[in-house]
Amino acid sequence: MQYMLLIFEDEQAYSQQPALQDVVAQHMKLAAEMREKGVFVSGAGLQPSQTATTVRTAGAAKTVHDGPYPETREQLGGYYLVDVPDLDAALAWAKRIPVVDGGSIEVRPLIVH
Amino acid sequence: MTDGAADLDRAVRDAGGRILAALVARFRDLDLAEEAFAFACAAAAEAWRRDGPPRDPAAWLYAAGRRRGLDLIRRAKVRGAYRPDDPEPVPTPEEAAMARLEPIPDERLRLIFACCHPALAPEARIALTLRVICGLSVERLARAFLVGETAMIQRLTRAKQKIRAANIPFEVPGPEAWGERLEAVLAALEIAYAQAYEDAAGAGEGAEFAEETLRLSGVLVDLLPAEPEVLGLAALIRLAEARRGARLGAEGEMVPLTEQDPALWDAGMLGEAASLLGSAAALRRTGPYQILAAIHAAHASRRETGETPWADIVVLYDALVMMRPSAVVEVNRAVALEHVAGPDVALEALVAANAEGRLDDHAPYHAALGRVCAEAGRRDEARAALQRALDLVRTPAERRFLERRLAELG
């Protein structure tokens with residue numbers, strides 16, 4: 001069963017280069033272990049939310065806006081897609097994802113077709 | 001009630017949770033298992049009335065449920081070819097005999113851990129557990145949790161959907177998650193019991209509901225006899241339940257623990273609790289439920305000694321505050337402190353407990369404040385506090401108690 005592990009955290013924490021390098025190294029290590037255990041499907045980090053553009057829909061109109069949706073203190077910063085037997089296994093991986101204090105990982109099963 | 005119906009009633013009550021858990025473990029689908037079990041019960045009602053009860057009713061129900069479950073799966077796979085007048089699957093005598101030889105596997109623990117998974121909404125966990133393990137009806141659950149039946153059905157349905165959609169496993173968690181998961185199970189049980197215990201007059205529905213949580217705590221002890229906190233919570237529930245008969249005065253007023261007649265406490269239940277606590281202590285891993293139970297046991301010792309060991313109780317509360325800090329525990333500690341160090345010290349502790357104002361709407365806090373102020377000779381403050389407590393409580397027994405206290409103040 002596939003689960004998306006969505007990483008939400010305050011991206012300000014990574015404005016300093018050393019902090020960013022450190023967390024990237026941790027992610028690389030974790031992803032390597034996921035690959036080794038055969039649970040890694042895909043994963044990526046996202047560029048900061050200031051690079052985001054949002055397409056909004058209202059009736060027939062689609063309008064393009066600067067910035068992410070919605071505006072919160074925590075931003076979607078990256079994700080892992082893992083293939084594991086059950087929620088407990090997905091949660092065990094989620095707990096190992098490096099996040100800054102106050103950040104969170106949302107674990108969502110994918111729709112099975 | 002015919003013999004068949006009485007047998008069915010007993011089999012469902014004694015083995016229903018076990019049968020359902022075994023079906024869930026087999027089919028990995030709570031809804032399917034419930035449907036199959038309900039069908040087995042309906043088939044039993046008819047067959048047992050006609051032919052008399054089988055030698056092993058539980059095995060019969062399990063076999064019928066298993067067969068129905070397989071049948072439902074087969075039908076789902078060939079949904080196009082579904083015919084509603086298919087012959088109804090009832091276990092053949094051979095099948096029932098086979099089931100008798102092969103004991104129903106006890107999968108209740110796996111089911112309890114799934115139902116109390118922290119990924120489920122806290123208010124759904126115990127309702128779902130009581131539904132599937134104790135077979136409580138939606139109607140009774142709705143009454144116990146003070147919500148409408150529709151809301152309760154929604155709550156249960158949402159939880160079951162999440163178990164299925166997110167693939168919450170029907171497994172006893174491994175050591176890495178054990179602490180968190182067992183805590184969730186115990187907390188669910190504690191909340192359920194507190195709900196049943198809240199109203200001192202809880203004679204009818206409340207008492208019945210308390211009985212179910214009492215039973216469930218016993219099931220957990222059978223399943224996890226080496227977990228001291230499981231034993232501690234079971235002891236705690238028994239100690240509280242033992243006092244049920246002494247909690248209500250002649251005029252329907254709540255009688256506080258310290259004024260209860262120990263002769264009215266249930267000796268058998270107290271004995272059971274003592275032996276549970278003894279077994280827990282032998283495991284040498286203390287925890288908040290054992291400490292709480294020890295506090296209740298200290299109160300119960302008044303039955304033998306005629307005196308409450310207040311100094312011991314304060315020490316136990318000190319330990320509890322360290323393990324599980326909470327403003328409510330601080331209030332109880334302050335009340336015990338009054339008997340050891342006097343009302344002025346207790347008053348100071350009470351005020352400190354509510355330093356952040358979190359207890360402003362907590363009736364027991366104001367009741368305690370009223371008592372301690374009265375002892376300290378501060379009658380106006382006592383009256384104000386008791387009046388505030390009275391504004392906050394809804395149950396008649398507690399109201400009568402507070403009214404009496406107010407009248408005593410003059």
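Two residues are counted as being in contact if their C-beta atoms, placed from the backbone, lie within 7 Å. With that in mind, we can walk through this structure, which is a predicted model, starting with chain B, where residues 24 or more positions apart account for 65% of the contacts with a separation of 6 or more. In chain A the corresponding share, again among contacts with a separation of 6 or more, is 74%.

The two chains are built from different elements, and it helps to take each in turn. Chain A has 2 helices and 6 strands, and if you follow its sequence you meet them in the pattern β-α-β-β-β-β-α-β. Its C-alpha atoms fill a box of roughly 45 × 45 × 20 Å along the principal axes, and of its 113 residues 17% are buried. Chain B, by comparison, has 20 helices and 0 strands, and its C-alpha trace spans about 80 × 45 × 40 Å along the principal axes. Of the 410 residues in chain B, 42% are buried. Where the chains meet, 5 residues of chain A are in contact with 8 residues of chain B, and the side belonging to chain A consists of 3 nonpolar, no polar and 2 charged residues.

Within chain B, a good place to look more closely is helix H6, which runs through residues 122–133. At 1.5 Å a residue, its 12 residues should span 16 Å, and the end C-alpha atoms of H6(B) are 17 Å apart, which agrees. This helix is mostly covered, since 10 of its 12 residues are buried, and among them are B:Ala124, B:Leu128, B:Val132 and B:Ile133 as well as the two arginines B:Arg125 and B:Arg131. Just after H6(B) comes B:Gly135, which takes a positive phi of about 70 degrees.

How do two helices that pack together get described? Two packed helices are characterised by the angle between their axes and by the distance between those axes. For H6(B) and helix H9 (residues 175–197) of chain B, the axes come within 9 Å and cross at roughly 85 degrees, which makes H6(B) roughly perpendicular to H9(B). The residues that meet there are B:Arg125, B:Ile126, B:Thr129 and B:Leu130 from H6(B), and B:Ala184, B:Ala188, B:Leu189, B:Ile191 and B:Ala192 from H9(B). Sorted by class, the residues of this contact divide into 7 nonpolar, 1 polar and 1 charged.

Helix H8 of chain B, which takes in residues 149–165, shows how one helix can have a buried and an exposed side. It has 17 residues and reaches 24 Å from its first C-alpha to its last, close to the 24 Å expected at 1.5 Å a residue. Which residues of H8(B) are buried? They are B:Met152, B:Arg155, B:Ala159, B:Lys160 and B:Ile163, and they cover an arc of only 120 degrees around the axis, which puts them on the same side of H8(B). An α-helix has 3.6 residues a turn, so residues three or four places apart point the same way. On the face of H8(B) turned away from the buried side are the exposed residues B:Thr150, B:Ala151, B:Thr157 and B:Gln161. The cover over the buried residues of H8(B) includes helix H2 (30–51), helix H5 (108–115), H6 and helix H7 (138–144) of chain B, so that H6, already met in its contact with H9(B), appears here again as part of the surroundings of H8(B). H8(B) is followed by B:Asn167, whose phi is positive, near 55 degrees.

Two single residues of chain B complete the picture. B:Ala389 lies in helix H19 (residues 379–392), and it is buried, with 25 other C-beta atoms within 10 Å. Leaving aside residues up to four places away in sequence, B:Ala389 touches B:Ala363, B:His366, B:Ala367, B:Gly370 and B:Leu402. B:Ala389 and B:Leu72, which are 317 residues apart in sequence, are 55 Å apart in space from C-alpha to C-alpha. B:Val78, in turn, is found in the loop between helix H3 (57–77) and helix H4 (93–101), and this residue is exposed, with 9 other C-beta atoms within 10 Å. From B:Val78 to B:Arg405, 327 residues away in sequence, the separation in space is 70 Å, C-alpha to C-alpha.

Definitions and conventions. Residues numbered from 1 in each chain as written. Chains lettered and ligands numbered in written order. Predicted model: local features only at pLDDT ≥ 70, side-chain atom pairs only at ≥ 80, totals over all residues. Nonpolar A, V, L, I, M, F, W, Y, C, P; charged D, E, K, R; others polar. Axes fitted to C-alpha atoms, helices over the stretch in contact; angles between N-to-C directions. Helix = DSSP H or I, 4+ residues; strand = E, 2+ residues; numbered from the N terminus. Parallel < 35°, antiparallel > 145°, perpendicular 65-115°, else oblique. Buried ≥ 20, exposed ≤ 12 C-beta atoms within 10 Å, placed from the backbone. Expected span 1.5 Å × (residues − 1). Arc of directions from axis to C-beta.
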